[in-house]
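Visitor: I should like a close look at one part of this model, namely the way its aromatic rings are arranged. Please then place that part among the strands, loops and individual residues elsewhere in the chain.

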Amino acid sequence: MSEALASEFDRVIAFDNLHPQVHANRVRPAALDVRVELIKGDVCDPEAWRDFFQEKIEIDTVIHLAAETGTGQSLTEASRHAEVNVVGTTRMLDAFASAGLRPRRIVLSSSRAVYGEGSWAADQGKVLYPGQRSDAQLAAGQWDFPGARSLPSDAATTMPSPTSVYGATKLAQEQILSAWAHSFGIELVFLRLQNVYGPGQSLTNAYTGIVPLFIRWAKEGKSIPLYEDGNIGRDFVYIEDVADALTRAATRPLPQRLVYDVGTGRVTTIRDLATNISRIYDAPEPHVSGQYRNGDVRSATCVIASTEAALDWTPRWSLDAGLRSLCDWIDSQLLTK
């Protein structure tokens, strides 16, 4: 994405604290285009923002990616997620206001986590919002809501209802940006991303995605443990497709619609994902552990027709091609260590 942005704009600045949970060595990422200026700073730190704006900078477009992620982690580190995702966003807006800046457009990388369990269809066709699965329900092995099936989310019709602290903070980001930007006539685009995977993911942080974790287990010749009954559904979208969507959201004229879903539009069970990875490394078949994680949703996928039309975008990477690309990258990283 940095290459595309550097080719599109006269000047591109990345403002990032290079958090060790993602950037273990805290050095400039090799994949960051050489034309992009990197400024190390924390979005939560007012001093960092003051230093950033010591130089008079005209800002046309903001792509707001800074966030703490992790459904499970947010339950035990709620303050950390709220500090970065909520307070960090308000610090950025305060810095813009202090500098007298009004960006033309702000693009937020939001999350499918804002939907929570989303909507479900009952057997008779009625649409339900069943809410969060309780700990008692999960402990009893009742993974689905009886007599109903999960529906793909659609930003135009699906009501947000987060079931994790992380999801709640991402929805708060959307609401804060909406209130601020609409007051000043600033264009807003929210991309609610499904499960993103691909080269560049942390290989040590289990909270940034299960795909690298599954690959690590398979490389070690282990059977991958599956939560619940293995039939948790997710929409895995490759990082290059997401970067392309973000770039288009930042650079193209768009209709008035504010929110777009970014995924493949296809659901993959955790069992199928683990089986594909196991076969790549000739590892044992995955096994169902029966464990579960509070705050997780049973199924998450989305409708992407409106996103494809508005952004003139379509996901190009199949799950098989994306997994093999990520495996090749992980293998190369481990060989160089």
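Guide: The account below begins with the aromatic rings and then turns to the strands, two polar side chains, the cysteines and the backbone.

The model is predicted. Searching the whole structure for aromatic pairs gives a total of 15. One of them consists of Trp49 and Phe96, whose ring centres lie 6.3 Å apart with the planes at 70°. An angle over 60 degrees counts as edge-to-face, so the pair of Trp49 and Phe96 is assigned to that class. Distant parts of the chain are linked by this pair, since Trp49 belongs to helix H2 (residues 46-52) and Phe96 to helix H4 (residues 78-98), with these positions 47 residues apart in the numbering.

The accessibility of these two side chains can be judged against the limit for burial, which is under 20% relative accessible area. Trp49 has a value of 6% and is therefore buried. Phe96 has a value of 2%, so Phe96 is buried. Phe96 also forms an aromatic pair with Phe53; here the centres are 6.1 Å apart, the planes stand at 70°, and the geometry is edge-to-face. This second pair again links distant parts of the chain: Phe53 lies in the loop between H2 and strand E3 (61-64), whereas Phe96 is in helix H4, and 43 residues set them apart. Phe53 has a relative accessible area of 15% and therefore counts as buried.

These pairs belong to a wider group. Ring pairs connect Phe15, Trp49, Phe52, Phe53, Phe96, Trp180 and Phe184 into a cluster. One member of the cluster, Phe184, has a charged partner: the charged end of Arg102 sits over the Phe184 ring, at 3.9 Å from the ring centre.

From the rings one may turn to the strands. Strand E8 spans residues 187-193, and six of its seven residues are buried, which leaves the strand mostly covered. Strand E4 (residues 105-111) runs parallel to E8 and is joined to E8 by seven bridges. Within this pairing, Ser109 has Leu191 of E8 as its bridge partner. E8 also pairs with strand E13 (residues 259-262), again in the parallel sense, over four bridges. Leu191 takes part here as well, with Tyr260 as its bridge partner in E13.

Strand E9 (residues 195-197) contains Asn195. The Asn195 side chain makes a polar contact of 3.2 Å with the side chain of Arg112. Once neighbours within four places in sequence are set aside, the contacts of Asn195 are Arg112, Arg234, Asp235, Phe236 and Val237.

A separate arrangement of strands is antiparallel: three strands form an open sheet in the order E6-E5-E7. Strand E6 (127-128) and strand E7 (148-150) are its edge strands, each pairing on one side only. Strand E5 (residues 120-122) pairs with E6 through two bridges in the antiparallel sense. In that pairing, Trp120 has Leu128 of E6 as its bridge partner.

The loop between E4 and E5 holds Glu117. Glu117 is buried because its relative accessible area is 4%, below the 20% limit. The Glu117 side chain reaches the backbone nitrogen of Arg298 at 3.1 Å. Beyond its neighbours within four places in sequence, Glu117 is in contact with a set of residues including Gly131, Arg133, Phe145, Ser161, Thr163, Asp296, Val297, Arg298 and Ser299.

The cysteines can be treated briefly. The count of disulfides is zero, taking sulfur atoms within 2.5 Å as the criterion. Cys44 has a relative accessibility of 11% and therefore counts as buried. Cys302, at 3%, is buried as well.

Two aspartates complete the account with their backbone angles. Asp282, which is not a glycine, has a positive phi near 55°. Asp282 lies in the loop between helix H9 (270-280) and strand E15 (287-288). Its relative accessibility is 72%, so Asp282 counts as exposed. Asp312 likewise has a positive phi, about 50°, although it is not a glycine. Asp312 is located in the loop between helix H10 (305-311) and helix H11 (319-335). With a relative accessibility of 51%, Asp312 counts as exposed, the limit being over 50%.

How values were computed. Residues numbered from 1 in each chain as written. Predicted model: local features only at pLDDT ≥ 70, side-chain atom pairs only at ≥ 80, totals over all residues. Heavy atoms only, no water. Buried < 20%, exposed > 50% of the residue type's maximum accessible area, 1.4 Å probe, protein only. Pairing = 2+ DSSP bridges. Polar contact = N/O pair within 3.5 Å; in protein donor to acceptor, adjacent residues only side chain to side chain. Contact = heavy atoms within 4.5 Å. Phe/Tyr/Trp six-rings, centres within 6.5 Å; stacked < 30°, edge-to-face > 60°. Lys NZ or Arg CZ within 6 Å of the ring centre and 35° of its normal.
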